[in-house]
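The following exercises concern the structure shown below. Please attempt each task before reading its solution.

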Amino acid sequence: MIRLLIADDQALVRGALAALLDLESDLDVVAEVGRGDEVEDAVRANQPDVVLLDVEMPGMDGISVAERLRRDFSGLRILMVTTFGRPGYLRRAIDAGADGFVVKDTPARELADAVRRVHMGLRVVDPALAAETLTAGNSPLTAREREVLAEAADGATATVIAGRLHLSEGTVRNHLSAAIGKTGAHNRAQAVRTAERLGWL
């Protein structure tokens with residue numbers, strides 16, 4: 001049996017995934033969690049073989065969780081299963097140590113097969129998303145530009161962002177200006193939307 005842990009903040013989706021995968025004779029869902037910061041404890045308590053992670057979760061996003069799991073649990077396999085098939089998410093997830101990346105509208109049979117292939121040590125990536133990722137290229141944003149732009153997503157002023165990140169206002173403005181230029185945007189709101197659409201944030 002392949003032991004699975006499902007981490008998704010939407011209870012309905014989490015339950016549906018668990019029910020579908022439990023129908024497979026060789027798959028056993030041993031735990032479900034709804035927050036990213038609950039995953040590590042659940043892995044320790046339930047010792048799954050494969051963890052299915054959503055990207056956007058409260059507490060900690062799935063890509064950060066994947067990075068921690070890769071560091072702390074050798075041999076554990078990680079499959080990202082997300083609504084958001086964004087090129088930047090795929091690249092960041094693979095860089096963080098995920099073994100596979102599929103979208104939630106993948107048919108149940110294909111998802112079960114993806115779990116098996118990841119468990120065998122193979123890399124599984126949604127083909128359409130892989131092609132889109134190759135076309136989109138790497139994120140041009142530096143880590144600091146991404147951090148500053150993410151803080152700007154709620155409409156915060158440069159002064160507020162500077163306070164949150166312990167930077168000078170001038171530094172924040174420089175990073176925002178660079179991010180706007182690199183995303184081809186006309187203003188910070190448009191830069192945020194572009195970066196989010198491409199999965200760079």
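The exercises treat a predicted model and proceed from the whole protein to single residues.

**Exercise 1. The overall form**

Task: Determine how many helices and strands the protein has, and decide how its radius of gyration relates to that of a compact globule.

Solution.
Step 1. The protein contains 10 helices and 6 strands.
Step 2. For 201 residues, a compact globule would have a radius of gyration near 17 Å. The protein has 18 Å, which agrees with that expectation.
Step 3. The C-alpha trace spans about 60 × 35 × 30 Å along its principal axes.
Step 4. Of the 201 residues, 45% are buried. The accessible surface comes to about 9,800 Å², and carbon and sulfur atoms account for 49% of this area.
Step 5. Among contacts between residues at least 6 apart in sequence, 63% join residues at least 24 apart.

**Exercise 2. The confidence of the prediction**

Task: State the mean pLDDT of the protein, and identify which elements have the lowest and the highest mean pLDDT.

Solution.
Step 1. The mean pLDDT of the protein is 90, and 94% of its residues reach 70 or more.
Step 2. Among the elements, helix H6 (residues 127–136) has the lowest mean value, 63. Strand S1 has the highest, 98.

**Exercise 3. Strand S1 and its partners**

Task: Establish which strands pair with S1, and in which sense.

Solution.
Step 1. Strand S1 comprises residues 2–7, and 5 of its 6 residues are buried.
Step 2. S1 runs parallel to strand S2 (residues 27–33), to which 6 bridges join it. Within this pairing, Leu5 has Ala31 as its bridge partner in S2.
Step 3. S1 also pairs with S3 in the parallel sense, over 4 bridges. Here Leu5 has Val51 as its bridge partner in S3, while Ile6 stands opposite Leu52.
Step 4. Together with helix H1 (residues 11–22), strands S1 and S2 form a right-handed β-α-β unit.

**Exercise 4. Strand S3**

Task: Describe where the side chains of S3 point, and find which unit S3 forms with S4.

Solution.
Step 1. In a regular strand, side chains alternate between the two faces of the sheet.
Step 2. In S3, Val50 and Leu52 point one way, whereas Val51 and Leu53 point the other way. All four of these residues are buried.
Step 3. Strand S4 (residues 77–82) is joined to S3 by 4 bridges, and the two run parallel. The bridge partner of Leu53 in S4 is Met80.
Step 4. S3, helix H3 (residues 62–72) and S4 make a right-handed β-α-β unit.

**Exercise 5. Two residues with positive phi**

Task: Locate Gln47 and His166, and decide whether each is buried or exposed.

Solution.
Step 1. Gln47 is not a glycine, yet its phi is positive, about 50°. Gln47 lies in the loop between helix H2 (39–46) and strand S3 (50–53).
Step 2. A residue counts as exposed over 50% relative accessible area. Gln47 is therefore exposed, because its relative accessibility is 59%.
Step 3. His166 likewise has a positive phi, about 60°, although it is not a glycine. His166 is found in the loop between helix H8 (158–165) and helix H9 (169–183).
Step 4. Because its relative accessibility is 72%, His166 also counts as exposed.

Methods. Residues numbered from 1 in each chain as written. Predicted model: local features only at pLDDT ≥ 70, side-chain atom pairs only at ≥ 80, totals over all residues. Heavy atoms only, no water. Buried < 20%, exposed > 50% of the residue type's maximum accessible area, 1.4 Å probe, protein only. Pairing = 2+ DSSP bridges. Right-handed = clockwise from strand over helix to strand, strands pointing away. Rg over C-alpha atoms; globule rule 2.2 N^0.38 Å. Contact = heavy atoms within 4.5 Å. Areas by Shrake-Rupley, 256 points an atom, 1.4 Å probe, with all protein chains shown as cover. pLDDT = per-residue confidence, 0-100.
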